[in-house]
Amino acid sequence: MLHRVRSDISSAEITPEAVYQERRRFLAGGLTAAAATAVAGLWPFQARATPPSRYTALNGYRKAEPGPESLTKFDDAISYNNFYEFSTDKDAPALLAPDKLTTRKPWTISVSGLCAKPGTIDMADLLARAPLEERIYRLRCVEAWSMVLPWIGIPLSWLLKQFEPLGSAKYVAFETLLDPERMPGQRTSLYYSWPYQEGLRMDEAMHPLTLAAVGIYGVVLPDQNGYPLRLVVPWKYGFKSIKSIAAIRFVEQQPKTLWNTTASREYGFYANVNPEVDHPRWSQARERRIGEFRKRDTLMFNGYGDQVASLYSGMDLRVFF
Ligand SMILES: Nc1nc2c(c(=O)[nH]1)N[C@H]1C(S)=C(S)[C@@H](COP(=O)(O)O)O[C@H]1N2
Ligand SMILES: [Mo]
């Protein structure tokens, strides 16, 4: 999202390549966008809506009620990704990541810092005893595209409470695995200070909407979507939802984050979705829902304001992008 310095974000960058090329062909052929939409249902390249059987099913989780917005197709969710540890191209993580992370066993996550019971999370143990539930959330990338995804996970608060954070812990810091052998982007994209780091204020981390996700569409998270554990913070831009977590730390000061360190003018710590505060290089007023043609309005707090706006009362919404 930042590695190329230029004045605008092209629509090629926020649309799956196949859809973009297909649409260009239609438009070049003289068809209007409306006509293209009308025949969209007849396209031979329909993306798959549900996972094929090679993905590992998760069992025993509480299912979500279907919501009013249709889910993004499974194929789109696993083939149009931001995972810079593999590549800065959207379609590359799906080609480069499979088996790179899921083969790493055991996967333990260290939990340290200001807590009474520092320790580790063993993923196998967590999956055996965590009360898993499905949550359907909008995911709004800072690059102005969005998806609607059915995650499976546990409230992050449930996970963090096991380690008994102290009152002095004001923030939680998260780190992705650092392993350049498995993740080629950590060898080649030297512009970024690996590992990927993110953070939340304690009350944001403990908010009931904040999810520690282990699955998507009923299956274990594919490598490219952040196996084995990632955050999902639906009212914030997607880059806050850090993938493939290896370490968690309770801290007193606002932690460093990869994007804020890389470009503090463009990516803030809070990064709450806000259609009224533009990115310095593009508007945040509208977004393209992957799988749709027409752009739609971006919603304040990505539509979760009823539940989260009170976290920020008294703060100036314009300055804490
Ligand atoms: N470790 C890590 N986490 C990450 C990223 C990344 O590059 N590395 N990209 C972020 C961004 S910008 C977005 S939009 C989402 C994309 O999640 P998805 O590929 O599962 O849709 O992951 C976020 N988490
Ligand atoms: Mo993003």
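**Exercise 1. Classify the residues that line the largest cavity of this predicted model.**

Solution. Start with the class counts. The lining divides into 15 nonpolar, six polar and three charged residues. Gly counts as polar in this scheme. Next, look towards the centre. Of the 24 lining residues, Asn 82, Phe 83, Arg 230, Gly 238 and Lys 243 are the closest to the centre of the largest cavity. Then ask about secondary structure. Strand S4, residues 145–155, gives the most to this lining, with four residues. Finish with volume. The largest cavity takes up about 340 Å³. The model has three cavities of 30 Å³ or more.

**Exercise 2. State what takes up the space of the largest cavity, and describe the shell around it.**

Solution. The occupant is ligand 1: the space it takes is the largest cavity. Its surroundings come next. There are 17 residues around ligand 1. Asn 81, Tyr 84, Glu 85, Arg 230 and Lys 243 come nearest. A residue enters this group if one of its heavy atoms lies within 4 Å of the ligand. By class, the shell has eight nonpolar, six polar and three charged residues.

**Exercise 3. Find polar contacts of ligand 1, using a cut-off of 3.5 Å between N or O atoms. Then give the share of its area that the protein covers.**

Solution. Take the contacts one at a time.

- Tyr 84: a polar backbone atom is 2.8 Å from an oxygen atom of ligand 1.
- Thr 176: a polar side-chain atom lies 2.9 Å from a nitrogen atom of the ligand.
- Asn 225: an N or O atom in the side chain is 3.1 Å from a ligand oxygen atom.

Now the cover. On its own, ligand 1 has 540 Å² of accessible area, and the protein covers 99% of it.

**Exercise 4. Describe the second largest pocket by volume, lining and class.**

Solution. Volume: about 330 Å³. Lining: 15 residues. Nearest the centre of this pocket lie Arg 54, Tyr 55, Thr 102, Pro 222 and Asp 223. Class: the lining has eight nonpolar, three polar and four charged residues.

**Exercise 5. Which peptide bonds leading into Pro 106 and Pro 228 are cis, and where do these prolines sit?**

Solution. Begin with Pro 106. The bond from Lys 105 to Pro 106 is cis, with omega near -5°. Pro 106 belongs to the loop between helix H4 (93–96) and strand S1 (108–113). Turn to Pro 228. The bond from Tyr 227 to Pro 228 is cis, with omega near -5°. Pro 228 is found in the loop between strand S8 (219–220) and strand S9 (230–232).

**Exercise 6. What is the sign of phi at Asp 99, and in which loop does this residue lie?**

Solution. Read the angle. Phi of Asp 99 is positive, about 75°, although the residue is not a glycine. Then place it. Asp 99 lies in the loop between H4 and S1. Pro 106 also has its place in the loop between H4 and S1.

Key: Residues numbered from 1 in each chain as written. Chains lettered and ligands numbered in written order. Predicted model: local features only at pLDDT ≥ 70, side-chain atom pairs only at ≥ 80, totals over all residues. Heavy atoms only, no water. Polar contact = N/O pair within 3.5 Å; in protein donor to acceptor, adjacent residues only side chain to side chain. Areas by Shrake-Rupley, 256 points an atom, 1.4 Å probe, with all protein chains shown as cover. 1 Å grid on protein atoms, 1.4 Å probe; cavity = no way out; pocket = protein on both sides within 12 Å on 5 of 7 lines; lining within 4 Å. Sits in = over half its atoms within 2 Å of the grid points. Points joined across faces, edges and corners; volume = space filled by probe spheres on them. Helix = DSSP H or I, 4+ residues; strand = E, 2+ residues; numbered from the N terminus.
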